[in-house]
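Let's take a walk through this protein together, starting with the whole chain and then moving in on a few spots. Keep the structure open beside you as you read.

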Amino acid sequence: MKRTDHFPPVITVVVYYGLDPWDGPTALRDMLDIPNEYEPFIQDYSMRLIEVRCCDLMLHNQNNIHLFDMLRIAFNQNLTWQQARTQVLAYADEHHPEKIVLMMLFGATGLKIDFNKYEKEKEDMTMRSVFDNMIRDVKAEGKAEEIVSIYREEGYPDQFILEKLQSKLHIAADQAMEFLLAYGKQPA
């Protein structure tokens, strides 16, 4: 290394999506178990914490603005899921966020969604269609788990359960197989 060489800076940013206030560590030393004799040699680095539920950042990138605005709505504890959904849809209809923002929103909220599937179904994907499809899929997953559980307890074979999943949920064989694999594990 030459005297004129420089290291690029490393900035640690943690984006916290939880509903409760952050109570975890905010510095490197808080995350390490350091013996007393080594403490003078360990540098301490703080992290930048962004709590979505109470973020007051001045954002300049439009995608980030849309993401944080919709996350604040989604994580608002004063709203029911239906109210939050309605407000997020209204926001999306007004602002038309990009697909990457929608993907981040669903990732942050822990909702599973297959955007490729919806893009095939509808070239011009809107937030409303994504939410409607997501809610349909969430309901199907809940019903699938119930169907698999009931028929598994009764001792029906996998092929019978697959056929029931397809007929009751109006889904393809491959999706029925995914549900069976996810919810059909035999007890140990």
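Of the 188 residues in the protein chain, 29% count as buried. What you're looking at is a predicted model, so it helps to know how confident the predictor was, and here the chain averages a pLDDT of 78, with 81% of the residues scoring at least 70. That confidence isn't spread evenly over the elements: helix H5 (residues 115–121) has the lowest mean pLDDT, 53, while helix H7 (residues 158–169) has the highest, 88.

Now for the overall layout. The chain has eight helices and two strands. Start at the N terminus and the elements run β-α-β-α-α-α-α-α-α-α. As for how the chain folds back on itself, take the contacts between residues at least 6 apart in sequence: 49% of these join residues at least 24 apart.

Next, let's see how some of the helices sit against each other. Two packed helices are described by the angle between their axes and the distance between the axes. Try helix H2 (residues 62–74) and helix H3 (residues 81–95), whose axes come within 8 Å and cross at roughly 160°. With an angle over 145° counting as roughly antiparallel, H2 is therefore roughly antiparallel to H3. The crossing of these two helices is right-handed. Which residues of H2 and H3 meet? On the H2 side you'll find Ile65, His66, Asp69, Met70, Ile73 and Ala74, and facing them in H3 are Ala84, Gln87, Val88, Tyr91, Ala92 and His95. Sorted by class, the contact of H2 with H3 has eight nonpolar residues, three polar ones and one charged one.

H2 also packs against helix H4. The axes of H2 and H4 are 10 Å apart, at an angle of about 35°, and this crossing is right-handed. From H2, the contact takes in Asn63, His66, Leu67, Met70, Leu71 and Ala74, which meet Ile100, Val101, Leu102, Met104, Leu105, Ala108 and Thr109 in H4. By class, the contact of H2 with H4 has 10 nonpolar residues, three polar ones and no charged ones. If you look back at the H3 contact, you'll spot some familiar names, including His66, Met70 and Ala74.

Let's zoom in on single residues, beginning with Phe68, which sits in helix H2. Is Phe68 buried or exposed? Its relative accessible area is 7%, so Phe68 counts as buried. Leaving out residues up to four places away in sequence, Phe68 touches Val15, Ile50, Val52, Cys55 and Leu59. Take Cys55 from that list: Phe68 and Cys55 are 13 residues apart in sequence, and their C-alpha atoms are 8.0 Å apart in space.

Over in helix H4 there's Ala108, which is buried because its relative accessibility is 16%, under the 20% cut-off. Again not counting residues up to four places away in sequence, Ala108 touches Tyr17, Leu71 and Phe75. Ala108 and Ala74 are 34 residues apart in sequence, yet 9.9 Å apart in space, C-alpha to C-alpha.

Between H3 and H4 (99–109) runs a loop, and His96 is found there. Most residues other than glycine have a negative phi. His96 goes the other way, with a positive phi near 50°. His96 is also exposed, with a relative accessible area of 62%.

Further along the chain, H7 packs with helix H8 (residues 173–183) at an angle of about 120°, their axes 9 Å apart. H7 and H8 are therefore oblique to each other, and their crossing is right-handed. H7 brings Asp158, Ile161, Leu162, Leu165, Gln166 and Leu169 to the contact, and H8 brings Ala173, Ala176, Met177, Phe179 and Leu180. These residues divide into nine nonpolar, one polar and one charged.

One last stop is Ala144 in helix H6 (residues 127–153). With a relative accessible area of 0%, Ala144 is buried. What is Ala144 in contact with, beyond its neighbours within four places in sequence? The partners are Leu165, Leu169, Phe179 and Tyr183. Among them, Phe179 is 35 residues away from Ala144 in sequence and 6.3 Å away in space, C-alpha to C-alpha. You've met Leu165, Leu169 and Phe179 before, in the contact between H7 and H8.

Terms used. Residues are numbered from 1 along each chain as its sequence is written. This is a predicted model: local features need pLDDT of at least 70, side-chain atom pairs count only at pLDDT 80 or more; totals for chains, interfaces and linings use all residues. Side-chain values use heavy atoms; hydrogens and water are left out. Axes are lines fitted to C-alpha atoms, for helices over the stretch in contact, and angles run from 0 to 180 degrees between N-to-C directions. Helices (H or I, at least four residues) and strands (E, at least two) are DSSP runs, numbered from the N terminus. Angles under 35 degrees count as roughly parallel, over 145 as roughly antiparallel, 65 to 115 as roughly perpendicular and the rest as oblique. A crossing is left-handed if the near helix is turned anticlockwise from the far one by less than a right angle, and right-handed if clockwise. Contact means heavy atoms within 4.5 Å. Ala, Val, Leu, Ile, Met, Phe, Trp, Tyr, Cys and Pro count as nonpolar, Asp, Glu, Lys and Arg as charged, and the others, Gly among them, as polar. pLDDT is the predictor's confidence in each residue, from 0 to 100. Buried means under 20% relative accessible area, exposed over 50%, partly exposed in between (1.4 Å probe, protein chains only).
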